[in-house]
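Biologist: I am new to this structure and would like to look closely at a single part of it, with its surroundings explained step by step. Here is the model I have open.

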Amino acid sequence: MTRDPAVVDGRRAPARGAFREFDAAAYAAVGLSAALTVLIGLLGPSAMVPVLPGPAWQPPYSLGVRPDGHLVIAMAAAAIVLGGLGLAGALRARSGPAARPLLVAGCAVAGLLAFLPPSGSADHLNYAAYGRLAALGLDPYAVTPAELPADPVTGAVEEWAGVTSVYGPVATAVHALASLIGDDSVRLTVFAMAVFNAAAFVGTALLLHRFTRADAGLSRRAALLWAANPLMLYHLAAGMHVDTLAVACMVAALVAHAAGNAARAGAVPAGVAGPGGPAVPGGGWRRAGSGVLLGLGIGVKLNAGLVALGPAWELRRSPRRLAVVAGAATATVLLTYGLAGPHVLDQVGAASKKVSLATPWQLAKTGLQAAFGPGAYSSWIQLGSMLLLACLAWLVLRATPRATAPAVSAALVAAWLFAAPYALPWYDGLAFALLAMAAGASWPALETFVLARTAVLSLGYLPAREAMRPADLLWLKTLLRERVVPWSLLALTLALAWWAARAGARARRRSASAAPRP
């Protein structure tokens, strides 16, 4: 099929006058947002960019301008607002670049950001510290960075220095490898992690492009949702969060799953409809590979395991194939977590009881504490979040246009993001990647809800780190993060439930009317 930039979700739409101007403005906003993200890192240490100790000649590099905190936080806010509005417009544009230029541009920006200091949070300093502990032969799940204050890497941690690692053993292995490369230089260790992160981001972009390449509109949509997504460039490429590794594993797992189904059925190994052909061997190996990749993704972050329910749904009527995928995934998880030692889940258990400041559950926590005392909220919030997750998942799944493995996974992950008591904006990367894979499903409403959630939550974490934030901007935390954002996300969650209920009811009526009558 010929790639046509005027095709959106498989439908041709004319590009005329006002539409061309609107579309150009949307893409300009996307580009400007990405440019601001690059500029924040290029300017060097600031309220948005932690200092990286180490020889100046080592990467990552910056101009070392040390800009004022008000300026870089304003730039970050502009990047988020422009990125959110621009992406919303670009996803609905009737004209614009084809998929490949978007793919190349997004990957180029991600590659450039690997050579600039990470921005937005100080999480990469924790990654480096946990990797350092593992490289020194210590257990990062039992030993905290604060226990080695004189070490040049563990001593550079800004936040959570007294907390053991909450990240999976696969993530820790990657960080340990980076530590071996960087030795006692924080700069070089962070750069090594940035290279791995950029490779995962670009690899995911290429897999998504390959998965949707049979349809020009779907391929363009995938490029916008991931490679050229300014919010993902801001959080996952510039912020260098470990979620990028989990997303790469899960996308690769779903691609392998689709290839296994195609090998068995003789179909195109992609997420879109295409001409069939003779069945090819290797379906079993591809399914086993899919299971291993699912296990590796869970080995990065446990919550990524929700993705596995998509392939399980598709294979529910084929117990033998399901057993291959589930067996390979389970064996991989048991192996990786087993090798990590007995404390690997200690911090995960503690983290599961936390409530982040910007979620609607913070409002519930405040109310419960006021009514019943400081420790009364935990079990009620955990129960409430599980019930909300089940309700949202059911509603969104009923509204799913096509229940493919990526679409089911996307619905479940989106429901989890809206229901979770502890959630941060970079967690949304998994939802964007899965929505990009939900090929053939015209799902603009769910994309809009996820995009709005990411943008609102991102504004609540300006910046995510506390160090060097100007004192007169404390209201960004006390007012915006703790009050405005939770209420806004609560409204979005209610709107999502209302939309999903209506969309599901309409889908049921259409199915009933289309069914043959006796």
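Where is tryptophan 160 found? Please start from that place and then lead me on to the rest of the chain.

Modeller: Please keep in mind from the start that this is a predicted model. Tryptophan 160 is found in the loop between helix 4 and helix 5, and its phi is near 60°, which is a positive value in a residue other than glycine. The side of the question that concerns the surface has an intermediate answer, because tryptophan 160 has a relative accessible area of 45% and so counts as partly exposed.

The loop between helix 4 and helix 5 also holds tyrosine 167, whose ring pairs with that of tyrosine 127 in helix 4, so that the pair links distant parts of the chain, 40 residues apart. The centres of these two rings are 5.0 Å apart and their planes stand at 80°, and because an angle over 60 degrees counts as edge-to-face, that is the name given to this pair. Tyrosine 127 and tyrosine 167 are both buried, whereas tryptophan 160 in that loop is partly exposed. Ring pairs also bring in Tyr130, which is linked with Tyr127 and Tyr167 into a cluster.

A search of the whole structure finds six aromatic pairs, and one of them is formed by phenylalanine 115 and phenylalanine 191, with ring centres 5.2 Å apart and planes at 55°, so this pair is tilted. Phenylalanine 115 lies in the loop between helix 3 (99–113) and helix 4 (123–135), while phenylalanine 191 belongs to helix 6 (residues 186–212), and the pair therefore ties together parts that are 76 residues apart in sequence. The two partners are placed in contrasting ways with respect to the surface: phenylalanine 115 is partly exposed, with a relative accessible area of 43%, but phenylalanine 191 is buried, at 14%.

A positive phi is found again at methionine 240, which is not a glycine and has a value of about 55°. Methionine 240 sits in the loop between helix 8 (230–237) and helix 9 (243–265), and because its relative accessibility is 3%, methionine 240 counts as buried, whereas tryptophan 160 is partly exposed.

Other loops contain cis peptide bonds. One joins proline 59 and proline 60, with omega about 0°, and proline 60 lies in the loop between helix 1 (17–43) and helix 2. Another runs from leucine 462 to proline 463, with omega near -15°, and proline 463 has its place in the loop between helix 18 and helix 19 (475–514).

Helix 2 and helix 18, named in those two places, also meet each other. The axes of helix 2 (residues 69–91) and helix 18 (residues 444–460) come within 9 Å and cross at roughly 175°, and the two helices are therefore roughly antiparallel to each other. On the side of helix 2 the contact is made by Ala77, Ile80, Val81, Gly84, Leu87, Ala88 and Leu91, and on the side of helix 18 by Glu447, Leu451, Ala455, Ser458 and Leu459. Sorted by class, the residues of this contact are nine nonpolar, two polar and one charged.

A further meeting of parts can be followed from alanine 419, which is found in helix 16 (residues 405–419) and counts as buried because its relative accessibility is 2%. Leaving aside residues up to four places away in sequence, alanine 419 touches Trp361, Ser385, Leu388, Leu389 and Leu392. From C-alpha to C-alpha, alanine 419 and methionine 386 are 7.5 Å apart in space, although 33 residues separate them in sequence.

As for cysteines, the count of disulfides comes to zero. Cysteine 107 counts as buried because its relative accessibility is 14%, while cysteine 391, with a relative accessible area of 40%, is partly exposed.

These details belong to a chain of 19 helices and two strands. Of its 518 residues, 56% are buried, and among contacts with a separation of 6 or more, 77% are accounted for by residues 24 or more positions apart.

Terms used
Residues are numbered from 1 along each chain as its sequence is written. This is a predicted model: local features need pLDDT of at least 70, side-chain atom pairs count only at pLDDT 80 or more; totals for chains, interfaces and linings use all residues. Side-chain values use heavy atoms; hydrogens and water are left out. Axes are lines fitted to C-alpha atoms, for helices over the stretch in contact, and angles run from 0 to 180 degrees between N-to-C directions. Helices (H or I, at least four residues) and strands (E, at least two) are DSSP runs, numbered from the N terminus. Angles under 35 degrees count as roughly parallel, over 145 as roughly antiparallel, 65 to 115 as roughly perpendicular and the rest as oblique. Contact means heavy atoms within 4.5 Å. Ala, Val, Leu, Ile, Met, Phe, Trp, Tyr, Cys and Pro count as nonpolar, Asp, Glu, Lys and Arg as charged, and the others, Gly among them, as polar. A disulfide is a pair of cysteine sulfur atoms within 2.5 Å. Buried means under 20% relative accessible area, exposed over 50%, partly exposed in between (1.4 Å probe, protein chains only). Rings of Phe, Tyr and Trp (its six-membered ring) pair if their centres lie within 6.5 Å; planes under 30 degrees apart count as stacked, over 60 as edge-to-face and the rest as tilted.
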